[in-house]
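Please take a moment to look over the sequence and the model shown here, and then follow the paragraphs below as a guided reading of selected parts.

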Amino acid sequence: GDYWAAKGSPHKALAIYQSIEQQALNNKLAVSDGLLHKLSLTASDAGKFELAQQYLERMNSNIYINDYTRTSKILNPGYDSRYFGLARLALWRGNSKLAQQLIDDRLFNKTPGDPWVMLQKAELERNRGNYDDAKLWAEKAGYFLSKNDQQEAHNNLAETALSQNDLPTVSKTIDAMNEEQRQSAQSLIKHYEQARSGKVVGSVGLQHRSSPISYSNESSQDYAIYTPKTANGHDLYVHYLETRSPYDKESLISRRIGVGTELNFYPLQVKMEGGKGIKLNDKAYFSTEANYTLNQHWSFNLDANINGSGTPVKAINKGVYTKDIGFSTTYSYSDIFQAGLGGGVMKFDDGNLRKEANFWLNLNTFKHDRWALTNNFRVDYSKNKTIDSAEYYNPSKATSLEFGADLSYYQPLNYGLVLNHHLKASVGAYKQAELSREKMWSISYGHQWRVGKKFGVSYEIGRKKNIYDGSAEFNNFGNLNFSIYY
């Protein structure tokens with residue numbers, strides 16, 4: 001069972017543990033807390049959360065138990081495993097409020113001042129995205145831990161830093177370890193090495209307009225190869241982008257290729273890329289982006305582009321290029337919701353000046369065991385100068401409003417395979433200046449596969465109604481994304 005659990009086959013491991021449990025029951029023997037704990041962990045990994053709950057609740061809930069002589073009481077070695085296991089399971093099942101109550105009851109009422117409970121509190125806050133709170137509790141635990149156990153607080157802080165992509169902090173923590181400390185921090189080191197992996201990523205999108213009249217397909221291909229990251233999280237990459245857009249009865253094909261770098265100076269992270277168009281687009285381009293994380297709630301983004309990927313292909317076809325700059329900010333509230341607003345200005349060579357603004361909200365509406373529902377809301381506004389010669393889409397003013405939902409189902413399998421099903425739908429409205437408001441919608445179904453830690457792929461197919469220059473269009477579409485880590 002331990003072998004299959006380590007190999008990412010929880011269903012196989014669970015079956016073996018259950019056979020051992022059944023042997024004990026057949027022989028009218030008590031099932032040990034150690035086996036019940038393993039049964040709970042593998043049942044959770046297999047997505048059988050109700051069963052995992054039952055196994056945990058069968059463990060001895062007493063703080064003290066009889067020693068082997070049955071003449072005196074000793075601390076129950078499985079008490080904490082059961083207690084904190086129930087808290088983690090509550091979080092995994094979607095009941096973060098119960099998880100918080102269990103941890104806080106231990107921390108503030110039952111065992112105040114216990115540094116090991118403080119570390120559990122830090123882990124809970126980290127899993128909920130409350131990184132500043134997680135650091136605070138890990139640092140508090142460090143004040144109460146013995147000298148020999150100080151590394152546990154350091155490792156906890158490093159795990160939180162890793163969740164924030166703060167690789168410089170993780171690197172310093174690991175470099176300061178002696179050999180014995182490294183052996184006890186293998187989980188952290190493994191996560192750090194995975195975060196530094198090189199990767200190949202790609203996305204392919206295809207769209208076919210079926211009415212009012214059938215058009216040639218619109219498509220995009222986007223590929224990048226990233227080097228492994230340095231100890232502090234810097235890397236280099238090569239980027240290729242191709243787009244195909246219908247133009248009368250033909251297609252406009254634009255291709256470009258470039259190189260870039262990602263620099264990690266957490267909380268500031270910078271990305272720069274430069275290259276040249278190799279088809280239709282014959283000019284050089286340059287893009288830069290800066291992200292700054294202020295705290296666990298606020299982050300900010302600034303980007304600027306010369307002949308960036310947002311330039312309309314029909315504009316490029318007429319030799320019209322762009323320069324643009326944008327700004328956005330995101331507010332996160334624990335694992336409950338995220339909200340953001342942004343804006344940008346794009347200057348075209350033909351004299352057009354496009355101004356854009358947006359607001360969005362993502363809400364984790366519901367989660368229970370394998371099922372999860374997220375909702376989103378978005379408003380976009382754009383304004384352009386009237387350019388008579390423009391062949392690209394250029395409404396003087398346009399506003400869109402959209403509500404969306406994503407219902408997902410989590411399905412872990414054996415051999416490191418994990419499948420997520422996604423059913424997505426959205427409804428909204430689009431209003432263009434001097435034209436009537438039109439409704440729009442979309443629906444899609446897709447799969448998201450993860451194969452161990454080295455490969456991931458997702459795909460979806462769907463149909464949507466969107467508005468182009470005041471007229472409704474119906475499109476069938478498909479998207480494919482993949483990532484390979486090395």
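What follows is a walk through some strands, a helix, a few single residues and some charged pairs.

The model is a predicted one, and the walk may begin with three strands towards the end of the numbering. Strand β16, which covers residues 438–451, runs antiparallel to strand β17, residues 455–468, and the two are joined by 11 bridges. Where they meet at the turn, V451 stands opposite F455 of β17, and the hairpin has 3 residues between its strands, with G452 taking a positive phi near 60°. On its way onward, β17 is also joined to strand β18, residues 471–485, by 14 bridges, and this pair is again antiparallel. Within that pairing, R463 stands opposite N476 of β18, while the hairpin of β17 and β18 has 2 residues between the strands and D469 there takes a positive phi near 55°.

From the strands we may turn to a helix. In α12, which spans residues 186–195, the residues L188, I189 and Y192 are buried. Seen down the axis of α12, its buried residues fall within an arc of 95°, so they line one face of the helix. Those buried residues of α12 pack against three other helices, namely α9 (150–163), α10 (167–175) and α11 (179–184).

Two single residues show how parts apart in the sequence can come into contact. S287, placed in strand β8 (residues 284–293), has a relative accessible area of 14% and is therefore buried, the cut-off being under 20%. Its side chain makes a polar contact of 2.7 Å with the side chain of N305, and, when residues up to four places away in sequence are not counted, S287 touches K271, M272, E273, A304 and N305. K314, by contrast in its location, lies in helix α13, residues 313–317, and its 22% relative accessibility makes it count as partly exposed. Although K314 and L252 are 62 residues apart in sequence, their C-alpha atoms are 7.6 Å apart in space. Leaving aside neighbours within four places in sequence, K314 is in contact with P246, Y247, L252, E391, Y392 and Y468.

The last topic is charge. Side chains of opposite charge can pair when their charged atoms come close. A search of the whole structure finds 18 salt bridges, and one of them joins the side chains of D2 and K38, at 3.1 Å from N to O. Because D2 lies in helix α1 (residues 2–6) and K38 in helix α3 (residues 33–45), this pair ties together parts that are 36 residues apart in sequence. D2 is partly exposed, with a relative accessible area of 44%, and K38 is also partly exposed, at 35%.

E391, which appeared among the contacts of K314, meets K318 in a salt bridge of 3.4 Å, N to O, between their side chains. Since E391 lies in the loop between β13 (371–383) and β14 (397–412), and K318 in the loop between α13 and β10 (322–333), the pair ties together parts that are 73 residues apart in sequence. Here E391 has a relative accessible area of 35% and is partly exposed, as is K318 with 47%.

A further salt bridge, at 2.7 Å from N to O, brings together the side chains of R378 and D380, of which R378 is partly exposed at 31% relative accessibility and D380 partly exposed at 24%. Finally, E50, R93 and D369 are linked in a network of salt bridges.

How values were computed. Residues numbered from 1 in each chain as written. Predicted model: local features only at pLDDT ≥ 70, side-chain atom pairs only at ≥ 80, totals over all residues. Heavy atoms only, no water. Pairing = 2+ DSSP bridges. Helix = DSSP H or I, 4+ residues; strand = E, 2+ residues; numbered from the N terminus. Buried < 20%, exposed > 50% of the residue type's maximum accessible area, 1.4 Å probe, protein only. Contact = heavy atoms within 4.5 Å. Arc of directions from axis to C-beta. Polar contact = N/O pair within 3.5 Å; in protein donor to acceptor, adjacent residues only side chain to side chain. Salt bridge = Lys/Arg side-chain N within 4 Å of Asp/Glu carboxyl O.
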